[in-house]
Amino acid sequence: MKPVLGEYIAQSAAQHRREDEPARGALLPILHDIQAEYGHVSEEAVREIAVLLNLTRAEIHGVVSFYHDFRKQPEERPVLRLCRAEACKARGVEHLVNAAMTVAAGKVSIETVYCLGLCSIGPSAMVGDSVHARLDAERLAALIGAMA
Amino acid sequence: MSAEQPLIRIADDAAALACGADTLARAFEQAGAHVERVSSWGLHWLEPLVERDGIGYAKAAPADIPAILDGSAPSIGRIEEHPFLARQQRLTFARAGKTRPLSLDDYAAAGGWEGLTKARAMRPEAVIDQMKLSGLRGRGGAGFPAGIKWDTVRLAKADRKYIVCNADEGDSGTFADRMVMEGDPYMLIEGMAIAGHAVGASKGYVYIRSEYPHAIAKMRAAAERCAAIIAPFEIEIRAGAGAYVCGEETSLLNSLEGRRGEVRAKPPLPALKGLFGKPTVINNVLTLAAVPWIIAHGGEAYAAYGMGRSHGTMPIQLAGNVKHGGLFEVAFGITLGELVNEIGGGTASGRPVRAVQVGGPLGAYIPVEQFDMAFDYESFAHADALIGHAGITVFDDRVDMAQMARFALEFCAEESCGKCTPCRLGSTRGVEVMDEILAGRDVETNMLLIEDLSDTMKYGSLCALGGFTPYPVMSAIRHFRGDFDSRSVSGEKAMEVAE
């Protein structure tokens with residue numbers, strides 16, 4: 001069971017706030033905690049943080065919406081992040097995209113990421129924290145198949 | 001570990017993991033071997049690379065284990081004598097492949113903390129003098145002399161100062177920062193602690209992009225383990241949140257402050273008003289990682305490497321469609337052709353090289369005809385190109401340069417922070433115009449529009465994202481004009497299209 005949101009946020013804030021620095025410095029670490037624990041940053045979470053850090057909800061919303069990592073809605077499907085930056089393009093990732101979408105068939109969310117730092121051994125993808133390199137159509141299909 | 005138990009060394013950085021190093025390591029343990037997880041040598045095309053008694057076994061799979069253990073497997077010989085390594089001048093990556101990343105014993109035994117010990121016995125001004133003597137320039141891309149930046153912070157009066165390490169390595173084609181953090185994290189921390197002593201800062205932040213979870217984990221563990229050694233200096237590791245623009249120093253500072261990662265107008269410089277408005281040294285990972293060597297060996301020893309006004313060594317990253325991809329640290333002055341053809345071995349696909357992009361998504365495309373160009377700041381600037389973070393992404397003859405120009409603009413539109421108009425609107429408008437060109441409509445006029453737009457972005461943008469996006473776009477047009485013009489006939493590029 002997920003912890004009670006308000007308590008969780010208060011705990012996270014206590015861990016990340018620094019006595020000698022402005023309170024809002026803790027905002028990104030708090031948002032990361034919430035995203036990791038609940039899978040998204042809800043309106044309710046935004047309200048709680050605003051009170052804790054003495055910021056307006058609009059300010060928190062501005063930050064949440066700026067960064068790709070924070071979601072307003074949870075993603076229910078498993079996520080595969082496929083690198084489509086230059087180095088992976090040079091190694092042929094664009095040829096893999098359509099087939100990957102077909103295999104995913106809506107059961108796995110294929111998202112684009114720009115660079116995983118595996119530029120000499122692409123095409124590369126990341127599932128959670130696990131990284132996969134030297135992907136070809138078969139290996140990518142197997143990876144997606146194992147997630148669905 | 002028993003005397004007869006064979007010792008096997010396998011890297012544990014993200015590149016090795018992505019090639020199956022964990023499965024391989026477990027299989028070795030099950031086969032009775034003692035496995036040490038070390039940093040990566042940077043020979044990425046050979047991963048997972050297994051080392052036993054100094055001998056390397058490339059692209060090893062669990063099925064190869066019996067043959068590796070009984071000595072009958074084909075080897076690449078002594079890893080240290082591999083031609084790819086033998087030609088390098090490794091200062092920053094001197095320990096790569098040799099030490100266990102989180103082992104304090106390994107680090108100390110391989111020269112670790114020498115720089116910090118020496119620095120702490122010196123006056124701050126003397127440390128900065130050595131930095132100035134070294135000629136070290138910011139390795140993040142801008143190339144600003146590190147010693148001068150540090151001196152500005154040292155002379156600034158404030159109750160609190162900061163050292164911020166920019167580890168938001170978002171440029172495609174670069175991975176040297178990741179390798180430092182995952183392979184030799186104490187070196188980076190030592191560099192920051194030296195900077196802290198030199199400028200009078202007691203707190204440091206490392207801002208690492210969230211796409212690097214392994215680097216974040218290693219740095220957190222390392223910071224915890226060496227806290228007593230670097231005290232009273234303190235280090236905190238922070239994760240980015242998926243915004244490329246936070247690699248720009250002022251938006252990185254905003255992000256650390258809990259704000260949108262929007263670029264700040266300069267002045268004031270971060271050296272005077274940086275994190276939370278306090279004087280701040282903000283340097284790239286490679287800049288700070290070079291510091292321990294410089295202080296341990298002296299600024300002059302470092303400056304002896306390189307050419308002209310580009311002193312020292314550069315960890316160059318060979319990426320993309322290259323046969324021998326990996327990390328190649330060498331003094332400035334080597335030519336691009338040597339790097340791509342001799343060291344990189346040409347393309348991985350075996351087809352002819354057509355272009356390389358140097359310096360990430362904001363770097364210029366360079367054609368084979370310019371491969372005699374020396375790798376140093378001035379030669380690149382002269383050719384209207386950038387070294388950037390020294391990533392070289394190789395493309396073979398199937399690349400469609402008009403598509404790559406479009407992608408540069410698309411990437412800029414996706415990642416623009418929105419603060420300044422040339423970048424926010426120019427990138428989106430650029431994609432629209434490129435789509436017209438790709439469809440073969442009104443190519444002549446639209447090419448003029450792209451050139452004009454590039455000019456506006458280059459001179460009107462607040463930071464390098466909007467300001468440098470014209471480099472890939474305009475270099476693609478300048479050197480590969482045919483890829484753009486051929487659309488007018490067929491709507492498609494005549495050759496095989498990359499997409």
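**Chain A at a glance**

Trainee: How much area does chain A expose, and what share do carbon and sulfur atoms supply?
Mentor: Chain A exposes about 6,800 Å², and carbon and sulfur atoms supply 51% of that. Accessible areas here use the Shrake-Rupley method with a 1.4 Å probe, and for residues only the protein chains shown count as cover.

Trainee: Anything to know about the model itself?
Mentor: This is a predicted model, where local features need pLDDT of at least 70 and side-chain atom pairs count only at pLDDT 80 or more, while totals for chains, interfaces and linings use all residues. Residues are numbered from 1 along each chain as written, chains are lettered from A and ligands numbered from 1 in written order, and side-chain values use heavy atoms, without hydrogens and water.

Trainee: What share of the residues is buried?
Mentor: 53% of the 148 residues. Buried means under 20% relative accessible area, exposed over 50%, partly exposed in between (1.4 Å probe, protein chains only).

Trainee: New topic. How many helices and strands?
Mentor: Seven helices and four strands. They are DSSP runs, numbered from the N terminus: helices are H or I, at least four residues, and strands are E, at least two.

Trainee: In what pattern along the sequence?
Mentor: Chain A reads α-α-α-α-β-α-α-β-β-β-α.

Trainee: And which domains does it have?
Mentor: Domain 1 covers 5-66 and domain 2 covers 79-147. The bounds come from an automatic or database domain assignment.

Trainee: How far apart are their centres?
Mentor: 32 Å, taken over C-alpha atoms.

Trainee: What does the whole C-alpha trace span?
Mentor: About 50 × 30 × 25 Å along the principal axes of chain A.
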